[in-house]
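Student: I would like to go through this model step by step. Can we take it as questions and answers?

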Amino acid sequence: MGTILSHNSSKTGVSDPFEVSQAERCKRLRLSTSTCDEDARLIPSLPDEISIQILARVPRIHYLNFKLVSRAWKAAMVSTELFIVRKELGTTEEWLYVLTKVENAKLMWYAVDPLSRRWQRLPPMPNVTFEDDSRRGLAGLRMWSMADVQNRSAPSLSASSSSLDNPFHEHSLSMVESDTNTWKVIATRRSGTAELVSQPPNDSVSSLSFNPKSNILVATSWDNQVRCWEIVHSGLNVGSVPKASVSHDQPVLCSTWKDDGTTVFSGGCDKQVKMWPLLSGGQPMTIGMHDAPVKEIAWIPEMNLLVSGSWDKTLKYWDTRQPNPVHTQLLPERCYALTVRYPLMVAGTADRNVVVFNLQNPQTEFKRIISPLKYQTRCVAAFPDHKVGSIEGRVGVHHLDDAQQTKNFTFKCHREGNEIYSVNSLNFHPIHHTFATAGSDGAFNFWDKDSKQRLKATSRCNQPIPCSTFNNDGSIFAYSVCYDWSKGAENHNPATSKTYIFLHFPQESEVKGKPRTGATGRK
């Protein structure tokens, strides 16, 4: 057909109204090639993985323009892969989003980049759904009208649509000061979900501990740091604010708080025991030394003393006002785990020794037993009997009263098929007295020892959980996800072994004990 038209026009000399010039045909060819070639790379001659790394380093203020380049670029700008890379690189940004109500009750979204101080008008938000429908997407965002005096239930904003870039994709908390014509938007969570702590350590986390008086979280890590966050927790709203950090000379292995919540104690591979007057803004000071790395540390409020356990096979009691230990207690082997619940103190050592002390007479051993588990002890917890977790994916419940020995039992956990993982952490719930286990399988579980049943099993993370802890009222369960070195340095890949700290907000059904059922006491 094109040939005939061309032939006719050339023959008669009449210009055809549908004739396309050679330059226009070339232009259309270039446009069709760039927009219709689904196999084209984002950046010619570069793999898309490298292109994503480049784009992830560009400020988000330019992403709306990037979407105009091609379909492939538009898809890349809203892809989960780009967001994950930005998160790993630490290039995510804090933006402010404002929802305004203009004439005819029309809603309009605006975003401001605080760094460039530039405002952008955003496309209309997709699907507004009600609460019952919000579970289909990432519906953590809710709106409250500042002018609504009736305080009615607010709808949720569903993020189930993928056709538009979700402006809240990188943010967990945004607040807007407003007048009666402006709406306020905040990020919320549902009970039972987890939140990511901002600015986690650069290396694996070795311990987590909450302030006994408030929601201040401390983490020690293999990058020689002791870090502190304030956890802002009000109803369904949550955020984490990095507050301060101090350093050791070598990796830090353990931490604990003084009972009044004013001071943090830490110990590590530099063999030092340090005291950090955190709330008063004081500088850390060394209050004790061991001959080998300090693995465990605990504050004893009834004695106003600090106890530290080391790989030098000793326990040392410290009065923070004196440079020398009040008492040094020899252990049969290196200290791997320590728990204190006055007057009971239990130390787990190498060679499966479990040494029990009565702190009313701390200079002598009360009892020494061999762990009921067959392999190396990893963690212990006391309440009021003690529990032992090992590297074989098993927990033992052992009563110290000789008359209660028939009630001792062990159970398997943190296993999948033939794969067996270590139990890294045991934590008692401060209210319901159930307990949590966390393991190298990347999962944590809640258990009821009295009814001998698991209350909650979580899905596995892609890395181990080396440590965990409850806050003072049990409403927050913090856990770290990172490489735990159980498979050695040869299996450590810095590119994929990122460190995270999560906050889980357990529902009561997850942590409250259940009555026994049946004659056997098992479900």
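## Questions on a predicted model

Student: Over residues 423-457, what percentage of the chain is strand?
Tutor: This is a predicted model, so every value here is computed from it. UniProt, in an unreviewed entry, places the feature "repeat: WD" at residues 423-457, among other spans. The end C-alpha atoms of 423-457 are 14 Å apart. Helix is 0% there, and strand is 60%.

Student: How far apart are the end C-alpha atoms of residues 198-231?
Tutor: The UniProt record lists 198-231 under "repeat: WD" as well, along with 245-286 and 287-328. The span 198-231 is 0% helix and 56% strand. Its end C-alpha atoms lie apart by 10 Å.

Student: How many strands are in the protein chain?
Tutor: The chain has 523 residues, and 47% of them count as buried. Among contacts between residues at least 6 apart in sequence, 48% join residues at least 24 apart. The helices number seven. The strands number 37.

Student: Which helices do the buried residues of helix 6 pack against?
Tutor: Helix 6 covers residues 80-89, and its buried residues are Leu82, Phe83, Val85 and Arg86. These four cover an arc of only 165° around the axis, so they sit on the same side of helix 6. Their packing partners are helix 3 (48-56), helix 4 (63-66) and helix 5 (71-77).

Student: Why do the buried residues of helix 3 line one face of the helix, and what arc do they fall within?
Tutor: The buried residues of helix 3 are Ser51, Ile52, Leu55 and Ala56. They line one face because, seen down the axis of helix 3, they fall within a limited arc: 135°.

Student: And which helices do those buried residues of helix 3 pack against?
Tutor: Helix 6 has helix 3 among the partners of its own buried residues. For the buried residues of helix 3, the partners are helix 4, helix 5 and helix 6.

Student: Which residue follows helix 6?
Tutor: Look at the backbone just after helix 6. Phi is positive there, near 75°. The residue is Gly90.

Student: Which strand gives the most to the lining of the second largest cavity?
Tutor: The count comes to two cavities of 30 Å³ or more. The second largest has a volume of about 50 Å³. Its lining is Val226, Val246, His248, Val264, Ser266, Lys274, Met275, Trp276 and Pro284. Strand 14 (264-268) and strand 15 (272-276) each give two or more residues, and the most, three, come from strand 15.

Student: How many residues of that lining are nonpolar?
Tutor: Sort the lining of the second largest cavity by residue class. One residue is charged and two are polar. The nonpolar residues number six.

Student: Is Glu230 buried, partly exposed or exposed?
Tutor: Glu230 is in strand 11, residues 225-234. Leaving aside neighbours within four places in sequence, Glu230 is in contact with Asn215, Gly239, Ser240, Val241 and Lys243. Its C-alpha is separated by 9.0 Å from that of Val218, twelve residues away along the chain. With a relative accessible area of 35%, Glu230 is partly exposed.

Student: How far apart in space are Ser214 and Asn472, C-alpha to C-alpha?
Tutor: Ser214 is in the loop between strand 9 (205-210) and strand 10 (216-221). Its relative accessible area is 27%, so Ser214 counts as partly exposed. In sequence, Ser214 and Asn472 are 258 residues apart. In space, the separation is 7.2 Å.

Student: What kind of peptide bond joins Tyr342 and Pro343?
Tutor: Pro343 is in the loop between strand 21 (335-341) and strand 22 (344-349). Omega of the Tyr342 to Pro343 bond is about 5°. The bond is cis.

Student: What is the phi of Asn304?
Tutor: Asn304 is in the loop between strand 17 (294-300) and strand 18 (305-310). At 38% relative accessibility, Asn304 is partly exposed. Asn304 is not a glycine, yet its phi is positive, at about 55°.

Student: And what is the phi of Arg352?
Tutor: Arg352 lies in the loop between strand 22 and strand 23 (353-358). Arg352 is partly exposed, at a relative accessible area of 26%. Its phi is positive in a residue other than glycine, near 65°.

Note on methods:
Residues numbered from 1 in each chain as written. Predicted model: local features only at pLDDT ≥ 70, side-chain atom pairs only at ≥ 80, totals over all residues. Heavy atoms only, no water. UniProt positions renumbered as here; feature names shortened; annotations may be inferred. 1 Å grid on protein atoms, 1.4 Å probe; cavity = no way out; pocket = protein on both sides within 12 Å on 5 of 7 lines; lining within 4 Å. Points joined across faces, edges and corners; volume = space filled by probe spheres on them. Nonpolar A, V, L, I, M, F, W, Y, C, P; charged D, E, K, R; others polar. Buried < 20%, exposed > 50% of the residue type's maximum accessible area, 1.4 Å probe, protein only. Arc of directions from axis to C-beta. Contact = heavy atoms within 4.5 Å.
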